[in-house]
Amino acid sequence: MAEDELVHREVPSPNWNERAGAISAVVLHYTEMPFDAALARLIDPAAEVSAHYLISEAGEVIRLVAEEKRAWHAGASFWRGLRDVNSASIGIELDHPGHAGGYRPFARAQIDALLPLLARIVQTHDIPRANVVGHSDVAPTRKIDPGELFPWDRLARHRLCLARPERLDLGDPFDNDGAFMLALERFGYDITDSHKVVEAFQRRWRPEHIDGIVDGEVRAILFQLLVDRDAGRTR
């Protein structure tokens, strides 16, 4: 599809500046407020927040900031050595009540609209699947969106993000939690708050059980992710 076929309307936000580097990631968010309020906030100069796209629960795609510009969506964040995540990423906000407003599964029409948009973005900018992440991945001490009900598995079936590892039979190479944390940092996470970052990792990779505790399954999942990355299987 051509880009114009994926965007239903444009509502330009003044909240952007120039990028300091190349685009290498996509960060997915939820709005945690009613749609009209979220749109108003994303274009309000006083709010000083924005995203490149906002997708309604009905599947309407609104472009707020041109992709070549730096939108203000990630805030204080870190991913794979990058501290200016906004300069390196495209931000997509999903209309959703969030955990504060009655957390629920994401609307099918919304994900149906996200998939082709994300596919075009990933292809255009040659973004690795490992760099299609949630806000909680890049800001684990502050954020929990898009949360444990986000359908990462559906994105993974279209090769738009990494799939949850199925094989966990390589054993446990981490002698202690400190070694696990260093490996988690190597994978890309900010490990400043160990409990919060383990919760963020679980929210993305084992959403059925989020307790912030490093256990055997969590260690095995991270090890397999690192093995796959080192083997070049994460593009």
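## Pockets, sheet and cores of a predicted model

The largest pocket is lined by 20 residues, and those lying nearest its centre are Y30, R41, E93, H135 and K143. The structure is a predicted model, and the values given here are computed from it. The space in this largest pocket comes to about 470 Å³, and its lining consists, by class, of eight nonpolar, six polar and six charged residues. Strand 3 and helix 2 (35–42) each supply at least two residues of that lining, with helix 2 giving the most, namely three residues.

The second largest pocket has a volume of about 300 Å³. Its lining is made up of 17 residues, of which W152, D153, A163, R164 and R204 lie nearest the centre. The elements that give two or more residues to this lining are helix 6 and helix 8 (194–205), and helix 6 gives the most, with four residues.

Besides the pockets, the structure holds three cavities of 30 Å³ or more. The residues that line the largest cavity are W79, R129, A130, V132, V133, D137, L162, F187, Y189, R204 and W205, and both strand 8 and helix 8 supply at least two residues each to this lining. R204 thus appears in the lining of the largest cavity and among the residues nearest the centre of the second largest pocket. The table sets out the volumes and the class make-up of the linings.

| Space | Volume | Lining by class |
|---|---|---|
| Largest pocket | about 470 Å³ | eight nonpolar, six polar and six charged residues |
| Second largest pocket | about 300 Å³ | nine nonpolar, one polar and seven charged residues |
| Largest cavity | about 60 Å³ | eight nonpolar, no polar and three charged residues |

### The sheet and strand 3

Six strands form an open sheet of mixed pairing, in the order 1-5-4-7-3-8. Its edge strands are strand 1 (9–10) and strand 8, each of which pairs on one side only. Strand 3 pairs in the parallel sense with strand 7 (residues 89–94) over six bridges, and also in the parallel sense with strand 8 (residues 132–134), here over three bridges. V27 has a bridge partner in each of these strands, G91 in strand 7 and V133 in strand 8, while the partner of V26 in strand 8 is V132.

In a regular strand the side chains alternate between the two faces of the sheet. In strand 3, A25, V27 and H29 point one way and V26, L28 and Y30 the other way, and all of these residues are buried. Because six of the six residues of strand 3 (residues 25–30) are buried, the strand is largely enclosed by the rest of the structure. Y30, one of the buried residues of this strand, is also among those nearest the centre of the largest pocket.

### The nonpolar cores

In soluble globular proteins, nonpolar side chains tend to be buried together. The largest nonpolar core here has 29 residues, and those that touch the most other members are L28, I92, L114, V132, F150 and L155. The elements giving two or more residues to this core are strand 3, strand 4 (53–55), strand 7, helix 4 (108–125) and helix 6 (152–157), and helix 4 gives the most, with eight residues. When its neighbours within four places in sequence are left aside, L155 is in contact with L28, I111, L114, L115, L118, F150, L160 and C161.

Another core, of 26 residues, lies apart from the largest one and includes V133, F174, Y189 and W205. Of these members, V133, Y189 and W205 also line the largest cavity.

### A51 in its loop

A51 is found in the loop between helix 2 and strand 4. With a relative accessible area of 0%, A51 is buried. Leaving aside its neighbours within four places in sequence, A51 is in contact with L42, L64, V65, A71, H73, G91 and E93. Two of these contacts link A51 to features described above, since G91 is the bridge partner of V27 in strand 7 and E93 is among the residues nearest the centre of the largest pocket. The C-alpha atoms of A51 and F187 are separated by 25 Å, the two residues being 136 residues apart along the chain. F187, for its part, is one of the residues that line the largest cavity.

How values were computed. Residues numbered from 1 in each chain as written. Predicted model: local features only at pLDDT ≥ 70, side-chain atom pairs only at ≥ 80, totals over all residues. Heavy atoms only, no water. Buried < 20%, exposed > 50% of the residue type's maximum accessible area, 1.4 Å probe, protein only. Pairing = 2+ DSSP bridges. Core = buried A, V, L, I, M, F, W, Y, C linked by side-chain atoms within 4.5 Å. Contact = heavy atoms within 4.5 Å. 1 Å grid on protein atoms, 1.4 Å probe; cavity = no way out; pocket = protein on both sides within 12 Å on 5 of 7 lines; lining within 4 Å. Points joined across faces, edges and corners; volume = space filled by probe spheres on them. Nonpolar A, V, L, I, M, F, W, Y, C, P; charged D, E, K, R; others polar.
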